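Reader: I am new to this structure and would like to know how its labels are earned. Could you take me through them, one at a time?

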Amino acid sequence: MRIYDPYYCNGSVVTHLSTLGFTNVYNKKEDCYTVWKNQKSSEQQPPPPPQFDVLITNPPYSEDHIEKLMNYITSPTFDNKPWLLLMPTWVHKKEYYLNAISSDRKQLCQPFYIVPKKRYVYLPPTNFRVKKESDTHKKSSPFVSMWYIWGGDMSTNEMLMKAFRQCSEALENCDLARSKNALRDLRRRGGGGDGGGGGDGGGGKGSKKKKQKTGK
C-alpha cells in the first residue's frame, strides 16, 4: 500500500508508520499546494505528483490549510481515493467541510468518524524548541481532535467500520460514529475526548445498554 502524507514536519510519520508495517510512505519537504496545482496542469512541472493509494495526514490547523485539503481530496483529480484525516472536532461543522461531503456532489463522499475517548496529546518535534519546565503542561493541542475517514466508496467504509468493531483495543480507546448524526448523538451521551460514550449510532454498545434499561 502506498501512503501519502502531504504535510511535512520532521519526517517522523514515515518511521511511525513503518513500525506498523507500512513501509511505502511519501512524506517529503515540499509545497504540497504547488504539487497539487501541477497535477491539474497538462504540462507537468517539478515536483511530480506522488503516486499513492491512500492519504493519511494531520494537517496544520491554522489559516486555510484544512479548507485547501478538503478541496483537494474531494476534487476530480484526487479520484475519490481513501483518506484518513486527524483534525479538530469543530471541522465537521465548517461550511467548507459540509460542502465537501454534500449529497449534491457528483462523487459520493460519506465519511465516518473515530473519536478518541481520551484527548490526544501532541508532542513537538525533537529539537523544535528549548525545553522548559512548563512544557509538561503544554503538550496538548488547544483543540480536541478526531479521525475523519472515507474509504473511497461505501463498501470499503463498511469494511473499515467492521474491522474497527472487531478490534477490542480500538473499542477500548475510541468511539465510532458512522455519520454526522451519530457523531451528534455520541456527543450528547458524553462520548469522545474526555471518556465515556460508546457505540456508533447504529447498534453499538451504547445502543444495547439503552435497550436493556428500557426493557425493549
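Author: Happily; what follows is a set of questions about a predicted model, each answered by setting a value against a cut-off.

Reader: Let us begin with rings. Why is the contact between tyrosine 72 and phenylalanine 78 called an aromatic pair, and what makes it edge-to-face?

Author: The structure holds 12 aromatic pairs. In this one, the ring centres are 5.2 Å apart and the planes make an angle of 75 degrees. Rings pair if their centres lie within 6.5 Å, and planes over 60 degrees apart count as edge-to-face, so tyrosine 72 and phenylalanine 78 meet both conditions. Tyrosine 72 is buried, as is phenylalanine 78. Ring pairs also link these two with Tyr4, Tyr7, Tyr26, Tyr33, Trp36 and Phe52 into a cluster.

Reader: What makes tyrosine 97 and tyrosine 148 an edge-to-face pair?

Author: Their centres are 5.4 Å apart, with 75 degrees between the planes. The distance is within 6.5 Å and the angle is over 60 degrees, so the pair is edge-to-face. This pair links distant parts of the chain: tyrosine 97 belongs to helix α4 and tyrosine 148 to strand β6, 51 residues apart. Both tyrosines are buried.

Reader: How do you know that a charge sits over the ring of tyrosine 33?

Author: The charged end of lysine 68 is 4.5 Å from the centre of that ring. The distance has to be within 6 Å, so lysine 68 passes that part of the test. Lysine 81 is placed over the ring of phenylalanine 78 in a similar way, with its charged end 5.9 Å from the centre.

Reader: Now the sheet. Why are β2 and β7 said to stand at the edges?

Author: Seven strands form an open sheet, in the order β2-β1-β3-β4-β6-β5-β7, with mixed pairing. Strands β2 and β7 each have a single partner strand, so one side of each is left without a neighbour in the sheet.

Reader: How do you know that β3 and β4 pair?

Author: Three bridges join them, and they run parallel. Pairing asks for at least two bridges, so β3 and β4 qualify. Within this pair of strands, leucine 55 stands opposite tryptophan 83 in β4.

Reader: And is glycine 21 buried or exposed, and why?

Author: Glycine 21 has a relative accessible area of 56%, and exposed means over 50%, so glycine 21 is exposed. This glycine lies in the loop between α1 and β2.

Reader: What about proline 111: buried or exposed, and why?

Author: Proline 111 has a relative accessible area of 4%, and buried means under 20%, so proline 111 is buried. Proline 111 is found in the loop between α4 and β5. Beyond its neighbours within four places in sequence, it is in contact with residues including Trp83, Tyr97, Ile149 and Arg178.

Reader: Which residues have the most contacts inside the largest nonpolar core?

Author: They are Leu55, Met70, Ile73, Trp83, Leu85 and Tyr148, in a core of 33 residues. Helix α3 gives the largest share, five residues. Leucine 55, leaving aside neighbours within four places in sequence, is in contact with Tyr4, Leu69, Tyr72 and Phe78, among others. A second, separate core has eight residues, including Phe112, Phe164, Cys174 and Leu176.

Reader: Why might such residues gather inside?

Author: In soluble globular proteins, nonpolar side chains tend to be buried together.

Terms used:
Residues numbered from 1 in each chain as written. Predicted model: local features only at pLDDT ≥ 70, side-chain atom pairs only at ≥ 80, totals over all residues. Heavy atoms only, no water. Phe/Tyr/Trp six-rings, centres within 6.5 Å; stacked < 30°, edge-to-face > 60°. Buried < 20%, exposed > 50% of the residue type's maximum accessible area, 1.4 Å probe, protein only. Helix = DSSP H or I, 4+ residues; strand = E, 2+ residues; numbered from the N terminus. Lys NZ or Arg CZ within 6 Å of the ring centre and 35° of its normal. Core = buried A, V, L, I, M, F, W, Y, C linked by side-chain atoms within 4.5 Å. Contact = heavy atoms within 4.5 Å.
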